[in-house]
Amino acid sequence: MKLGMVGLGKMGANMAVRLVRGGHTVVGYARTKSVVDGAVAQGVTGSSSLADLVRQLPTPRIVWLMIPSGAPVDQELELLHPLLAPGDLIVDGGNSYYRDTLRRSELVKSWGFRFVDVGTSGGIWGLTEGYSMMVGGDLADVEQIRPILETLAPGPTKGWGRMGKIGSGHFVKMVHNGIEYGMMEAYAEGFAVLQGKTDFALDLHQISEVWRYGSVIRSWLLELTESALAENPTLQGIEPWVVDSGEGRWTVTEAMDLNIPAPVITLALQQRLRSRESDPFAERLLAMMRNKFGGHAVKKGP
């Protein structure tokens, strides 16, 4: 099968290479020529522009987008609009907000194109381990790209599935990432408690290694934690600054809209926001309130 891959960042490039190794032909495009050249060196067919990419694809074309969520997706769709023909299929394999996906699908259909959303998990390990893919779209459209999904997944019958109609793939991936926030926060807090019990002189790397086997909390995240602690047991040089890419926020918003409590995911998101505050106003105000009502001491800062 031949398809176009727009966006050759780390995940996009790895997905393209995995497809090539699986016997597919991938025409890749990125705005930076050196990125395209790097993919070409690994077997991907290069293109100099979106128009060049489209020209190299047989009809009906399959164009897979692996670009950041938000405005970049809208911009790329507008650029593709005059280049594609009715019946062509666009796949958004990034982690777009599902409400944006619903809006885009209507727009794309009005142009005469087809649309499938694929929430993709696997990160930099997907090239060797395979990707978990949550797919939304019409059954016939999903069936058309089945060979691609089977190649990208850990196995033809595992790690991927059609979640339902358009938007459902990105919706499920959104909740997946919200769960990820909560799991990561739980591990981080647990290891912080272990690290704080100084009189036991606990070896956090050893503990993470023990927990990897037979434990009810074993997971891939724990394996990655073990690897990180093996490389840097004290996390020296790592700032406590945690970004979020949006999915946790979207999950919390959706939970509120559905009147479903999601306290763990919500607090995990709040902790990420707090991690970026070098001089939190709220805590300074708390200190002053205690001083005003009880005369408690206030620690002076710069």
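There are 20 salt bridges in this structure, a salt bridge being a side-chain nitrogen of Lys or Arg within 4 Å of a carboxyl oxygen of Asp or Glu. Some ground rules first: this is a predicted model, in which local features need pLDDT of at least 70 and side-chain atom pairs count only at pLDDT 80 or more, while totals for chains, interfaces and linings use all residues. Residues are numbered from 1 along each chain as its sequence is written, and side-chain values use heavy atoms, with hydrogens and water left out.

**Charged pairs**

Side chains of opposite charge can pair when their charged atoms come close. Here are three such pairs, with the closest N-to-O distance for each.

| Pair | N to O distance |
|---|---|
| Arg212 and Glu209 | 3.0 Å |
| Arg212 and Glu226 | 3.5 Å |
| Arg276 and Asp244 | 2.4 Å |

Take Arg276 and Asp244, whose side chains form a salt bridge. Arg276 lies in the loop between helix 13 (263-275) and helix 14 (281-294), and Asp244 in the loop between helix 11 and helix 12 (247-257), so the pair ties together parts that are 32 residues apart in sequence. Helices here are DSSP runs of H or I with at least four residues, strands are DSSP runs of E with at least two, and both are numbered from the N terminus. As for burial, the cut-offs are under 20% relative accessible area for buried, over 50% for exposed, and partly exposed in between (1.4 Å probe, protein chains only). On that scale Arg276 is partly exposed at 22%, and Asp244 is buried at 15%.

Arg212 turns up twice in the table: it bridges to Glu209 and also to Glu226. That second pair links distant parts of the chain, with Arg212 in the loop between helix 10 (204-211) and helix 11 (220-231) and Glu226 in helix 11, 14 residues apart. Arg212 has a relative accessible area of 21%, which makes it partly exposed. Glu209 is partly exposed too, at 28%, whereas Glu226 is buried at 12%.

There is also a network of salt bridges, and its members are Asp74, Asp100, Arg103 and Arg104.

**Rings**

How many aromatic pairs does the structure hold? The count is five. Rings of Phe, Tyr and Trp (its six-membered ring) pair if their centres lie within 6.5 Å; planes under 30 degrees apart count as stacked, over 60 as edge-to-face and the rest as tilted. One of these pairs is Tyr98 with Phe171, an edge-to-face contact at 4.9 Å centre to centre and 85 degrees between the planes. Tyr98 lies in helix 5 (residues 98-110) and Phe171 in helix 9 (residues 168-196), so this contact ties together parts that are 73 residues apart in sequence. Tyr98 is buried at 10% relative accessibility, while Phe171 is partly exposed at 28%. Ring pairs also put both residues in a cluster with Tyr97 and Trp250.

Rings meet charges as well. A charge sits over a ring if NZ of Lys or CZ of Arg is within 6 Å of the ring centre and within 35 degrees of the ring normal. The charged end of Arg272 does so over Tyr181, 3.7 Å from the ring centre, and that of Lys197 over Phe200, at 5.6 Å.

**The sheet**

Eight strands make an open sheet in the order 3-2-1-4-5-6-7-8, with mixed pairing. Its edges are strand 3 (45-46) and strand 8 (160-164), each of which pairs on one side only. Two strands pair if DSSP finds at least two bridges between them.

Now walk across part of the sheet. Strand 1 (residues 2-6) runs parallel to strand 4 (residues 62-65), with three bridges between them, and Val6 has Leu65 as its bridge partner in strand 4. Strand 4 is joined to strand 5 by four bridges, again parallel; here Leu65 partners Asp92. Four more parallel bridges join strand 5 to strand 6 (residues 114-121), and Asp92 partners Asp117.

Strand 5 (residues 89-92) has Leu89 and Val91 pointing one way and Ile90 and Asp92 the other, and all are buried.

Two crossovers are right-handed, meaning that, with the strands pointing away from the viewer, the path from the first strand over the helix to the second runs clockwise. Strand 4, helix 4 (residues 71-80) and strand 5 make one such β-α-β unit; strand 5, helix 5 and strand 6 make another.
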